[in-house]
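I opened this model to see how its strands are arranged and where its pocket lies. My entries follow in the order in which I looked things up.

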Amino acid sequence: MPAQLDHTIVHSSDRSASARFLTGLLGAPEPRAYGPFAAVPLANGVTVDYADSIVRADRIVMQHLAFLVSEEEFDEIYARIIERGLPHWGDPGHTEPQQINHRHRGRGVYVDDPDGHSLEFLTHPYVMDE
């Protein structure tokens, strides 16, 4: 049986603010406090656990988190990005500002969280043979 991802820890300068940023975009319930973490449970059982970084906030290393969402969820998330006036991109290199992409048989968008972590929302998994 292949392994399944259970949770990941994302370092942040303010765990609650970062977790709320993600739940706000997802339209999800408030994060749960779980020990030293602000936990964001996802539909597939994986949890994104935000932790206050033990190093200086200016030394947080950027991470990339990609969220597979339905077409309807994408529309809702993208509407929240626009409503909040958040900078966003159609590509991970930030060369397509204020755009979405239509790659991999779906749509995708990238937005940075308050600590510079790259959040990707996509409607179709990557197709590796294209």
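**Entry 1: a hairpin.** How many residues lie between β3 and β4 in the hairpin they form? I worked on a predicted model, and there I counted 5 residues between these two strands. In the turn I found Gly45, with a positive phi of about 90 degrees. I then looked at the pairing itself: β3 (residues 37-41) and β4 (residues 47-52) run antiparallel to each other and share 5 bridges. I noted two facing pairs, Ala39 with Asp49 and Phe37 with Ala51.

**Entry 2: another hairpin.** I moved on to β2 and β3, which also form a hairpin, with 2 residues between them. Gly35 sits in this turn, and its phi is positive, about 60 degrees. The pairing of β2 and β3 is antiparallel, over 3 bridges. Here I met Ala39 again, as the bridge partner of Arg32.

**Entry 3: the parallel pair.** In which sense do β1 and β4 pair? I found 6 bridges between them, in the parallel sense. Ile9 stands opposite Asp49 of β4, and I had already listed Asp49 as the bridge partner of Ala39.

**Entry 4: the whole sheet.** I put the pairs together and got an open sheet of 4 strands, ordered β1-β4-β3-β2, with mixed pairing. At the edges are β1 (7-12) and β2 (32-34), each of which pairs on one side only. Ignoring direction, I read an average turn of 35 degrees between neighbouring strands. I also kept a general point in mind: side chains in a regular strand alternate between the two faces of the sheet.

**Entry 5: what encloses the strands.** Why do I call β4 largely enclosed by the rest of the structure? I call it that because 5 of its 6 residues are buried, meaning under 20% relative accessible area. For β3, 4 of the 5 residues are buried, so this strand is largely enclosed too. I then checked helix α1 (residues 15-26), which lies across β1, β3 and β4. The helix runs at about 10 degrees to β3.

**Entry 6: the largest pocket.** I looked for empty space last. The largest pocket has a volume of about 490 Å³. Which residues that line it are the closest to its centre? Of the 17 lining residues, I listed Leu42, Ala43, Asn44, Phe67 and Leu68 as the closest. Two elements, β5 (64-68) and α2 (71-83), give two or more residues each to the lining. The largest share is that of β5, with 4 residues. Sorted by class, the lining has 14 nonpolar, 2 polar and 1 charged residues.

Note on methods:
Residues numbered from 1 in each chain as written. Predicted model: local features only at pLDDT ≥ 70, side-chain atom pairs only at ≥ 80, totals over all residues. Heavy atoms only, no water. 1 Å grid on protein atoms, 1.4 Å probe; cavity = no way out; pocket = protein on both sides within 12 Å on 5 of 7 lines; lining within 4 Å. Points joined across faces, edges and corners; volume = space filled by probe spheres on them. Nonpolar A, V, L, I, M, F, W, Y, C, P; charged D, E, K, R; others polar. Pairing = 2+ DSSP bridges. Axes fitted to C-alpha atoms, helices over the stretch in contact; angles between N-to-C directions. Contact = heavy atoms within 4.5 Å. Buried < 20%, exposed > 50% of the residue type's maximum accessible area, 1.4 Å probe, protein only.
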